[in-house]
Amino acid sequence: MSKARRDRDDGARGAPPPGPPRASAASVPGVMAGATLAGVVVLILLGYMNWQETREVQKSLDDRLGKVETRLADLAKARPAAAPAGRGPDPDRVYTVKTDGAPTKGPAGAPITIAEISDFQ
C-alpha cells in the first residue's frame, strides 16, 4: 500500500467528527450537583411558602369558626316560642267523603272505605 493512501485512510478514520466540543468528564458531575442543589433549594423555598400560606388560612378559618360557634350559642339561648300548629287536616279526626257515583273497587257495604284523591296534571 502506498504511503499517500495510508495517510488518507488514517486521516479519515482518526479525525473526530465535526461539531461542538464535548465537556470534559470532570465538569459534568459538578454541573449536575449544582443543578440538584438548586432544585432542592427551590423545593424547600416552595414548601416554606406553602406552609406559611396554610397557617394564614388556618388562622382565618379558626376565627370564622369561632364566630359561627358564638352565633349558634346565641341562637340556642334565644329559642323562639313553640311554633304554631301546622295547617292542614287533623290526622285524628274521621272525615266523611261522599263517594256516590265515583268509581269503586270492592263491595259497597265494606266496613272501611279508602278514598284516594289525586290530580293528574
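In the predicted model, buried residues account for 0% of the 121 residues in the protein chain. The accessible surface of the protein chain amounts to about 12300 Å², and carbon and sulfur atoms contribute 60% of this area. With respect to secondary structure, the protein chain comprises 2 helices and 0 strands.

A nonpolar patch is found on the surface, formed by Val42, Leu43, Leu45, Leu46, Tyr48, Met49 and Trp51. Together, these residues present about 760 Å² of accessible area. One member of the patch, Met49, is located in helix α2, which spans residues 27–77. The relative accessibility of Met49 is 47%, and the residue is therefore classed as partly exposed; this class lies between buried, under 20% relative accessible area, and exposed, over 50%.

Pocket analysis was also carried out on the predicted model. The largest pocket encloses about 390 Å³ of space. Its lining consists of 16 residues, and those nearest the centre of the pocket are Pro103, Thr104, Lys105, Thr113 and Ile114. Divided by class, the lining of the largest pocket contains 9 nonpolar residues, together with 4 polar and 3 charged residues.

Technical notes
Residues are numbered from 1 along each chain as its sequence is written. This is a predicted model: local features need pLDDT of at least 70, side-chain atom pairs count only at pLDDT 80 or more; totals for chains, interfaces and linings use all residues. Side-chain values use heavy atoms; hydrogens and water are left out. Patches are made of residues with over 30% relative accessible area and no salt bridge: like charges are joined within 9 Å, nonpolar side chains (Val, Leu, Ile, Met, Phe, Trp, Tyr) within 5 Å. Accessible areas come from the Shrake-Rupley method with a 1.4 Å probe; for residues, only the protein chains shown count as cover. A salt bridge is a side-chain nitrogen of Lys or Arg within 4 Å of a carboxyl oxygen of Asp or Glu. Helices (H or I, at least four residues) and strands (E, at least two) are DSSP runs, numbered from the N terminus. Buried means under 20% relative accessible area, exposed over 50%, partly exposed in between (1.4 Å probe, protein chains only). On a 1 Å grid over the protein atoms alone, a cavity is a set of points where a 1.4 Å probe fits but cannot get out, and a pocket is an open set with protein on both sides within 12 Å along at least five of seven lines; lining residues have an atom within 4 Å of a point. Grid points are joined across faces, edges and corners, and a volume is the space filled by probe spheres set on the points. Ala, Val, Leu, Ile, Met, Phe, Trp, Tyr, Cys and Pro count as nonpolar, Asp, Glu, Lys and Arg as charged, and the others, Gly among them, as polar.
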